[in-house]
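Colleague: Please show me the model, so that we may discuss the ligand and its surroundings.

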Amino acid sequence: MLKNITKLAFCLGLVNGTFVVCSQQKNNNVLNRNEQYNFLSENELHNLMKKHKNLSILNRKQTEHILSLIRDTNADIVSFRKNADRLIRILMEQALCQIEKKKYVKQSPLGLYEANEVKYDDEEICIVSILRSGNAFLNEGLKVICGASIGQILIQRNEETSMPKYYFEKLPEDINQQQIILVDPMLASGGSASMALQLLLNKGVKQENIIFLTLVSCEQGLNKVFQQFPNIKIITAQVDPILLKDINYLAPGIGDFGDRYFGTIKKNTHPIKV
Ligand code: URA
């Protein structure tokens, strides 16, 4: 009985005192390729942003078409890359929207106007990629912020323990002076993101100076990261309803983003190895 009440409370999102009505149970253990998933409603997304003040979810109307093309398991690499890049570009521009602006008066060909520009020079911004998939952000990232420095952190999931394992980092020496845009296309359990964030904090970076960009996330990952790092900002294009627990993939998700973006799977094979 108590177990059933707890289950119901979980489904109604009464955990943590926040009322987020979930349209589906949020943890599935088994992958069933024939299951059709419902996306979170506008209301659920709104409640998530109420719960996490530093969370921004892109407008569904702006992203649903592009995301739908990316999710399609039949998308070839050209279509996948092209559309992933389009969405990454939107996220990068959105990151700039969230950085403080400086105002001053400038000259247009026809007169004076009040300029309202990002307060940092490009060189004061560092795009930190969580390898390997984070590198997919670099093409578009460097078109938007051409002079940004690039930091890289390699963290991979240990297949036996499912725990993230740190391997390598290369970051600018003065990273604690920079505005950080941390990038990883998929936020699943949040283990790798948390490890990367802790590493940045250990280098003296302030949470307030970090914006984390991710294409698709899930509630569990967002909860974990914000619980540990409440003052960073996260911008995500979409929040998926399911985290497939055993394999740590999002559903309906995208599949293995890195394999699809970098072309490291054979054509016509399924993108997830289970
Ligand atoms: N990484 C991926 O590539 N896809 C997921 O769904 C989760 C993590």
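Colleague: Which residues are around the ligand?

Modeller: This is a predicted model, in which local features need pLDDT of at least 70, side-chain atom pairs count only at pLDDT 80 or more, and totals for chains, interfaces and linings use all residues. Residues are numbered from 1 along each chain as its sequence is written, and side-chain values use heavy atoms, with hydrogens and water left out. A residue is near the ligand if one of its heavy atoms lies within 4 Å of it. The residues around the ligand are Met-186, Ala-188, Asn-248, Tyr-249, Leu-250, Gly-255, Asp-256 and Phe-257.

Colleague: Which residue has a polar backbone atom 2.8 Å from a nitrogen atom of the ligand?

Modeller: A polar contact is a pair of N or O atoms within 3.5 Å. Oxygen atoms of the ligand lie 2.9 Å from a polar backbone atom of Leu-250 and 2.8 Å from a backbone N or O atom of Phe-257. For the ligand nitrogen, the backbone partner at 2.8 Å belongs to Gly-255.

Colleague: How much of the ligand's accessible area does the protein cover?

Modeller: Accessible areas come from the Shrake-Rupley method with a 1.4 Å probe. On its own, the ligand has 240 Å² of accessible area, and the protein's share of cover is 83%.

Colleague: Which helix gives the most residues to the lining of the largest pocket?

Modeller: The lining holds 36 residues, and helices H6 (191–202) and H8 (257–262) are among the elements that give two or more of them. Helices are DSSP runs (H or I, at least four residues). With 5 residues, the one that gives the most is H6.

How values were computed: A polar contact is a pair of N or O atoms within 3.5 Å; within protein, one must be able to donate a hydrogen and the other to accept it, and residues adjacent in sequence count only if both atoms are side-chain atoms. On a 1 Å grid over the protein atoms alone, a cavity is a set of points where a 1.4 Å probe fits but cannot get out, and a pocket is an open set with protein on both sides within 12 Å along at least five of seven lines; lining residues have an atom within 4 Å of a point.
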